[in-house]
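Let's take a relaxed walk through one protein structure. Have a look at the picture, then read on.

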Amino acid sequence: MKQRLKLEGRLAGHPDSRAWFTAWSPAGSLLASCGGDRAVRVWASEGTEWVCKWVLEDGHQRTVRKVAWSPCGNYLASVSFDATTCIWRKQDGGFECITTLEGHENEVKSVAWAPSGNLLATCSRDKSVWVWEVDEEDEYECVSVLNAHTQDVKHVIWHPNGELLVSGSYDNSIKLYKEEDDDWVCFDTLEGHESTVWSIAFDQNGDRLASCSDDKTLKIWKEYKPGNEQGVMCNGSNSCWKCICTLSGYHTRTVYDVSWCPNTGAIATACGDDAIRVFEEDPNSDPHQPTFSLVAHVPKAHAQDVNCVAWNPKQPGLLASCSDDGDIAIWRYEAELATGCST
Amino acid sequence: MAAGTRLENANPLVYQRSKDRPPSAREEDEAETDPIDHREIFDLIRSINDPEHPLSLEELNVVEPVRVHVNDEESTVTVAFTPTIPHCSMATLIGLSIKVKLLRSLPERFKVDVHITPGTHASEQAVNKQLADKERVAAALENTHLLEVVNQCLSGRL
Amino acid sequence: MIYNLEVNSNCALVINYRVFWFVLGVIDGKYAALDVVEALGTCLTNPEPRTRGRGVQLLSQVLQVSYSILKQKEVEVLTIFYIDRLKDHHLITSHVLQGMKFLSLSPVLPEGLAVATLKALFQEVHVQSLMQSERHSVYSIISNFMETREKELKGLGADFIFGFIQAMDGEKDPRNLLMAFQISREMVTKKYELGAFVEELFEVTSCYFPIDFTPPPNDPHGISQEELILSLRAILASTPRFAEFLLPLLIEKLDSDVQPAKVDSLQTLTACCNDYRKKEVKDFLPALWSSIRREVFQTASEKIESEGLSALQALSTCLSRSVIDSDAEDSLDSFLNNVLQDCKHHLCEPDMKLVWPSAKLLQAAASGSHRATYKITTSVLPLLLEEFNKHTQSSQRWTILGILESFIKLTHKWERDDNPLSAFKDQLCLLVFSALTDSSVQLQIVGTSTLAVLGTQQGDLLHTDTGHHAELCLSAHSAAAMAASVTMSRIHPSAFITRMVPAMTGELSTEPMEVKESRGLLKAPRQRCVQALAAISTHPDVLRHTVPVLLRHLMDIQKGSLCTEVEDAVSACRSLQLVAEQCQVAEESSEYFHQTVVPCLLGLAVRSALQGCGPSILCEEPVIAALGTVISTAYSHTHTQPACRTIARVVSLYLDGDASLLPENDLPSTFQPFQVRHDTSLLVVVLVTLSLSLRLQVGVPQRDRLLGQLLEMCCVSGHRFTYTSAAKCIAGIVNKYPLLMLLADPELGPEAADGFSLLVSDSTDVLNRASHADIRIMYRQRFFTENVPKLVQGFHSAGKDNKSNYLKALSHVMNSLPKQVLMTELPSLLTLLLEALSCSDQVVQLSTLGCLHPLLQEAPQIVSLHVDTLISKLLSLATSPTMKVRIASLQCMHAMTRLPTHVILPHKARTIRALTQPLDDKKRLVRKEAALARGEWFLLGSPGR
């Protein structure tokens, strides 16, 4: 396999600690990272170098597990094992913690902003997913507590058009929620993974969903709307999500993260075997039974477990990763020209 | 253990501790490379204290050399441990202590898997899943109370 | 109560949900399994087959989790229900098989139902038109029943076999094949009735032979070709009843052009020979032999060759198991005759390609049993002996001897009295000796290894003329010859005394140019001879004859009557030292050394020192040092009395020139070693070693006078070897010598610094207890208070190059002192120690670390002031190239955790990170210390410590 993932830089992101997660700002110019050192760092590129511009400390008492940018790029949410969520506002060349959201009983595992910027979702080991509403005064109010999962909720994401919330859990399932009569309800449960679902990601349009798991597989799910031609049965007016592809045999340990590139359509995974892999859908593959090929594989991408992969939203093929070794790595993925000679 | 607290398994069988490994001529030789072997791993974990008894995991037969597997080249270590009784509520804690001890003592390149000897505990699957979840392990170690107990298990005996 | 269900045919999720509740109910005992059937009633009888299928599916899922707790009645009803459902629509079959699989695991299945299930399966289901997973269920059902219902199944007779054969016929999936092979094998090994279907069972499995299977990439099932091969082989080789079908098949595949097929066939042949007897293989022997022979002769593949040889050995073993009937043909005998006929003549052509393959074939056939070995060896050996003598070229002889050696080894395998070699032992020995004296080095090497092999043979094969050995030791090149001599000298000392020693003596007095080239004496023959003499001196009787030869040799060297080199003298001394070591335990030999050898050596040294005419070889430094070592070794175990006498006479020899100790009182002039004349001064070395090896209670007579002389020599002599020796000698006598001043000397400084170690430590080479030194703590303390201030002062005033000498000396001193003594001086010393840690000398590093370690525990306040520097230096030493330094620095890192927490806590994160590297050190002992240290650092400032 031709090596199509090239290392562009390696940053000692969270030295003497673990780097848990990285997130690109919506404009793709800033990279936020967080880790076991209880800090959030914000990085920017200066010429060929990536430099740490800000260190956000004193927000959390324990590991910062994930960070998320608001769609406008002016806010950063961070969640921590200390059961809180911090909202940071970017202003005057710095970041200020404007509010701390409390409510979860224990570790908050993930956070996501809806595309509108008015809603925020968090999830926790307390098995719940919380939906928060933001008003113009930067006041946050919890509008819903969803207790659909039976275990630790690991990850939460919003659909690109915002009307759909998805969560993955230690209970091996993925749950889909929508708003109904001013409340959020779980309307579908995707089962199929045989162990913890660590992360989920939508494709560019939100038609398909990728999920990764402790069962070492990656699954692709597709939305079938009521009355679809394929005859996939739906429950009332709800869409039905069906697993259309399972990629197994590639990962040798837990897959911790998956990222679906909105620009190239490539799927990157972060794995506990220290590797980063990139998959692409085969040209001409059946949309209902698609096939994906492993197109890039960096076996020792990091010295320890890779925890996160994130495609830059604006620069096609720019990928950030981070690892238990404390490092952040920046990669350049070269999408192959569609010459039709791929195997 | 506070006085008066009832032990789950008050009278465990106590096994003999194995002898220390005498240094071999090969180990003394600068030029030789000693691969990390299962006995070396066992030596790291055998003296871990049981959270309930004033005994080591080796003395309680919770860990045994034969249940330690290591592949130095592939950097993998697998340890199976056997709770003293099938309903032992300390199983997760023991597993956590073993895992933490190995994470602290082995080169970072190692992937460490710790699980219950199959068929020896009522909640085997649940415990194994927790031990394999590094996020839960990391969070547990930030919990002062749990960390205290784990550290006590890992402290040298007074 | 359980509600009637309508299974929603559209949504599988609903089923999962309901299964969940059912299962909970069944497990809790709230419902009986039959309640579930009842609840499903309408659904199970629904006219739409898909709906019925869903009903059965649900029921099977309930069984999956509840089969082990079902009651017998429930199992019975359910089993009958499921058997009946086999007749239903094919859409349902998959779920029915699922359920049956779980029922087959039930421990309470009533008798008869296993058979009924199987009969129905065989009758109603055409297995090979099912999906893979369904077929897998069928095999699982059969396999489960075989596990628990063996007796019932055997009641089915051959119908069972027939049904199974039909079921698996045409199976293609590797997962299923593994199961099917396993079932087939159990049918054979557990003695199910095969009836008329032996050939059918063979056919239905052997059609997969040889297995050619490449797992798909990323195959999640992980089935390997090897697994399938072994599994198939296990069934094919499971019974001699397959022999008549299997052997032709193997011969056919062996004759094909496919390499893996050949290997597989040969391995399978080897496997089935375990169970086969003459009866099964007899008819196929000619064909098998010709195939194996062809493969070994022609193949370029080592794998095929070795598998071919294994198969041949297995065949030979197999034939050897058969009892020889008087009326029947001895098939082993005739088989081996064939082998001999086809191979033996190739041994006569050592230049030809087939000589080794033939030898290997013969050896493989021979290694089948003792009988086979005997037959082949007795037939081949005379031929090889004859051929060896017939051929004159070394390369040909080399080949033949090599083959011969492997045949000799072969007879090791059987510990029998009737060793086929016995009849040939004289010829063999002659042959080996002629190889050893051949001019070809290669031939000599094979000769010596053959000799070694012969030497370990049962029966005394080598009692021949040891006189040959003298020649062997001198001429043969490898250490093997020497080792052989040592062994044999223990067994035949007298032969060695009468034959070998004189030969060696002659050899030693021969000038190298006279040595005949044909002997192959290329390099240093005298040294080898001298080594040989030492090596064979394992017996007191031998020693009495060998040591005089060595001494005479030294005398000849001293007289200059031989053309010799320094190495000759050193090598003679080493040999004497070796003898001294070997005889330490034997008192009579020890006494012999004391009485004769030591005076003789001293005499030699004294005489050469006094020799006027030109420098003698014996006065060269290495020779003197070697002489000293002989004496030191000779006295290290001796008793006080003789030692006491010797030292008194040595001292009077040195001080007064009293030569009565020496064997020949004919010195050319008076011996005055302390007059600084170069050569005589060297004798001091002898005194050094002597004094060191004596017990102190012996007391050195005229001690003060001796010391005066030594001190004077030490100060006046310009010859370095002399004055350092003199200084060491003083140290040896009084544990004290003026090293301090030498520290400033750029050349001598390092040695002088080490001298401090000698003075104050228990170090191994000089003042250890084995050398009887009296180590007095008070002495050390006084030494410390007198000298340390001087050392510190010296350090500060010394130039850059010499500072390390002071540090080294200081760390040696501190290392061995009681800590109470050290504490008062500590603050001023600690800065010095920290500098010492940066010194590149590993000895300094080690002794400084050794010194620091206890301070970390005993003087935490003082050490705390330097924590930052200390951690950096220790961590950098943790990656030193020297293992001991790494270990010691890690032990210090460990000890640092005992310092006050607030002092070291700021360094915790950095230290824990830095200690990851030594965790992966290549040495286990280092890793152990690193893990201990790192573990303690983790506990710092952490709860529960």
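What follows is a short tour of chain A and of its contact with chain C.

## How sure is the predictor?

Keep in mind that this is a predicted model. For chain A, the average pLDDT is 92, and 97% of the residues score at least 70. The stretch at residues 338-343 of chain A is another story: the pLDDT there is below 50. Leaving aside near neighbours in sequence, that stretch has four contacts in the model.

## Strands and packing

How many helices and strands does chain A have? The tally is zero helices and 28 strands.

Now for the packing. Chain A has 343 residues, and 53% of them count as buried. Take the contacts in chain A with a separation of 6 or more: 49% of these link residues 24 or more positions apart.

## The repeats in the record

UniProt, in an unreviewed entry, lists the feature "repeat: WD" at several places in chain A, including residues 23-43, 101-142, 146-178 and 299-331. Residues 57-88 and 190-222 of chain A are on that list too.

Let's zoom in on two of these spans. Residues 57-88 of chain A are 50% strand and 0% helix, with end C-alpha atoms 11 Å apart. For residues 190-222 of chain A, the make-up is 55% strand and 0% helix, and the end C-alpha atoms lie 11 Å apart.

## Where chain A touches chain C

Here, five residues of chain A are in contact with seven residues of chain C. On the chain A side, the residues split into two nonpolar, two polar and one charged.

Notes:
Residues numbered from 1 in each chain as written. Chains lettered and ligands numbered in written order. Predicted model: local features only at pLDDT ≥ 70, side-chain atom pairs only at ≥ 80, totals over all residues. Contact = placed C-beta atoms within 7 Å. Nonpolar A, V, L, I, M, F, W, Y, C, P; charged D, E, K, R; others polar. pLDDT = per-residue confidence, 0-100. Helix = DSSP H or I, 4+ residues; strand = E, 2+ residues; numbered from the N terminus. Buried ≥ 20, exposed ≤ 12 C-beta atoms within 10 Å, placed from the backbone. UniProt positions renumbered as here; feature names shortened; annotations may be inferred.
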